[in-house]
Protein chains: 2
Amino acid sequence: MENLEHKHLAVLDEAARRGKSDTANMRLCFEVLALAAAIDRSCAARLAPYRLSEGKFVLLSLLRDLPDGLAPHELAERAGVTRATVTGLLDGLERDGFLLRHGDKDDRRKISVRLTSMGQAMAEDLFVEHSQWIGSLFAGFEPREREVFSGFLLRAWRNVEMPLDAGQTTVAGTSP
Amino acid sequence: MENLEHKHLAVLDEAARRGKSDTANMRLCFEVLALAAAIDRSCAARLAPYRLSEGKFVLLSLLRDLPDGLAPHELAERAGVTRATVTGLLDGLERDGFLLRHGDKDDRRKISVRLTSMGQAMAEDLFVEHSQWIGSLFAGFEPREREVFSGFLLRAWRNVEMPLDAGQTTVAGTSP
DNA sequence: GACATATAGTATGGCGCCTAATTATGAGTC
DNA sequence: GACTCATAATTAGGCGCCATACTATATGTC
């Protein structure tokens with residue numbers, strides 16, 4: 001399978017040149033990274049025409065159907081990014097007319113972020129289209145295949161999450 | 001499996017709230033993205049102590065053992081990034097003493113980028129350590145498992161690469 | 001009521017990546 | 001030799017993300 005990123009090919013070449021024989025593991029790793037990168041690129045390309053990024057799309061999804069809006073720190077928490085990042089994303093979304101910041105009368109530190117009607121409509125449309133697209137990427141897999149796939153991912157995940165100084169020789173077993 | 005990114009959980013929740021029933025596909029997609037993100041994060045954390053990023057590491061790998069160095073545009077090509085990006089990475093690497101830019105006597109547009117001895121030593125050490133780490137992430141997989149895994153990735157890849165306006169109903173089959 | 005402490009949001013500056021524009025140089029043509 | 005065209009590297013400006021530091025406001029305690 002040749003679906004690798006250029007930079008990873010370079011690393012693989014170097015590894016081969018150095019006589020490293022078991023590059024199959026590395027290759028598999030790079031295949032995962034390449035697939036994810038391709039998905040991210042495709043996602044970005046789909047959202048770009050609306051002046052949206054993936055991060056902005058997540059914020060729109062979070063704010064959809066919430067007339068009272070959410071506070072920036074709640075958005076940060078639910079989106080899994082820092083508050084500073086949310087500030088930046090909100091700046092762009094507000095500039096482009098997707099939402100507004102409303103001050104809180106009781107607590108003047110607080111702000112509630114609410115979609116404009118335009119933002120609401122955009123969130124509505126995009127969410128349906130986008131989630132269909134995401135689902136389509138992994139259509140054609142039988143439930144059993146999905147389980148196996150997911151299990152593979154989990155095994156790799158465990159290796160990644162391993163504490164840095166723990167026994168490096170531990171290996172992805174099949175046990176629960 | 002709960003190894004998902006916060007932002008993707010938000011999107012999944014929204015999808016469920018909207019009565020979307022087949023979220024298994026989306027979930028699988030997000031699992032792939034989460035694994036890749038975890039790998040990237042871990043990679044960045046491992047390189048950070050040396051003031052290196054993944055992009056810089058690739059450049060070091062490319063320059064290793066090349067006493068005559070490479071031109072920036074060759075680096076860009078082999079690393080799969082733009083020349084402008086290479087300029088930025090080289091600025092950092094040069095500032096930190098990993099390499100030097102040498103002007104070409106014959107063609108004064110050209111530049112050859114060469115590692116310093118410090119850069120060479122760093123590239124040497126890091127490359128071995130880093131490629132071992134990458135390999136370890138997917139250790140514990142039987143060759144047959146790797147094939148299946150790789151096949152899954154390929155099927156998803158085909159769905160991603162599908163032209164935007166082509167039949168959206170096409171699905172990841174098992175056929176070659 | 002004054003004070004420390006916590007919280008909310010933002011500004012600042014960094015990195016990696018991009019596109020588009022710019023500067024310098026080389027090469028081919030008339 | 002002047003012109004155009006191509007090439008090499010860079011700059012300028014943008015986005016998304018981060019960590020850190022700051023400002024304004026609230027709250028609890030003495």
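# Exercises on a predicted protein–DNA model

By class, the surface near DNA strand C is made up of seven nonpolar, five polar and ten charged residues, where Ala, Val, Leu, Ile, Met, Phe, Trp, Tyr, Cys and Pro count as nonpolar, Asp, Glu, Lys and Arg as charged, and the others, Gly among them, as polar. The model is predicted, so that local features need pLDDT of at least 70 and side-chain atom pairs count only at pLDDT 80 or more, while totals for chains, interfaces and linings use all residues. Residues are numbered from 1 along each chain as its sequence is written, chains are lettered from A and ligands numbered from 1 in the order in which they are written, and side-chain values use heavy atoms, with hydrogens and water left out.

**Exercise 1. Describe the protein surface around DNA strand C, from the residues down to the atoms.**

Step 1. Begin with the residues near the strand, a residue being near if one of its heavy atoms lies within 4 Å of it. DNA strand C is surrounded by 22 residues, of which the closest are Pro72(A), His73(A), Arg109(A), Ser53(B) and Thr85(B). Of the atoms of DNA strand C that come within 4 Å of the protein, 70% belong to sugar and phosphate.

Step 2. Turn to the polar contacts (pairs of N or O atoms within 3.5 Å; within protein, one must be able to donate a hydrogen and the other to accept it, and residues adjacent in sequence count only if both atoms are side-chain atoms). Phosphate oxygens of DNA strand C lie 3.1 Å from a backbone N or O atom of Thr82(B) and 3.4 Å from a backbone N or O atom of Asp106(B). A base oxygen of this strand lies 3.3 Å from a polar side-chain atom of Arg109(B).

Step 3. Assign the surface to elements, with helices (H or I, at least four residues) and strands (E, at least two) taken as DSSP runs numbered from the N terminus. Two or more residues come from each of α4 and α5 of chain A and α5 of chain B, and α5(B) gives the most, with four residues.

**Exercise 2. Carry out the corresponding analysis for DNA strand D.**

Step 1. Here 23 residues surround the strand, and the closest are Ser53(A), Thr85(A), Pro72(B), His73(B) and Arg109(B). Sugar and phosphate make up 76% of the atoms of DNA strand D that come within 4 Å of the protein.

Step 2. A backbone N or O atom of Thr82(A) lies 3.2 Å from a phosphate oxygen of DNA strand D, and a polar backbone atom of Asp106(A) is 3.3 Å from a phosphate oxygen. Arg109(B) places a side-chain N or O atom 2.9 Å from a base oxygen of DNA strand D.

Step 3. α5(A) gives the most to this surface, with four residues, and by class the surface holds seven nonpolar, six polar and ten charged residues.

**Exercise 3. Characterise the contact between chain A and chain B.**

Step 1. The contact (heavy atoms within 4.5 Å) takes 71 residues from chain A and 71 residues from chain B.

Step 2. The two chains bury about 6900 Å² between them, 69% of it on carbon and sulfur atoms; buried area is the accessible area (1.4 Å probe) that two parts lose on being put together, summed over both. In chain A, the residues that lose the most area to chain B are Leu28(A), Phe152(A) and Trp157(A), together 9% of what that side buries.

Step 3. There are eight salt bridges between chain A and chain B, each a side-chain nitrogen of Lys or Arg within 4 Å of a carboxyl oxygen of Asp or Glu. One of them joins the side chains of Arg18(B) and Glu124(A) at 3.1 Å, N to O. The count of residue pairs in polar contact between the chains is 20 (both at pLDDT 80 or more).

Step 4. α2(A) supplies the largest share of the side of chain A that touches chain B, 17 residues, and that side has 38 nonpolar, 15 polar and 18 charged residues.

**Exercise 4. Place Phe30(B) in its surroundings.**

Step 1. Phe30(B) is found in helix α2 (residues 24-47) of chain B. Its relative accessibility is 3%, so Phe30(B) counts as buried, the cut-offs being under 20% relative accessible area for buried, over 50% for exposed and partly exposed in between (1.4 Å probe, protein chains only).

Step 2. Not counting residues up to four places away in sequence, Phe30(B) touches Ile134(A), Leu4(B), His8(B), Val11(B) and Leu12(B). Phe30(B) and Leu12(B) are 18 residues apart in sequence and 9.3 Å apart in space, C-alpha to C-alpha.
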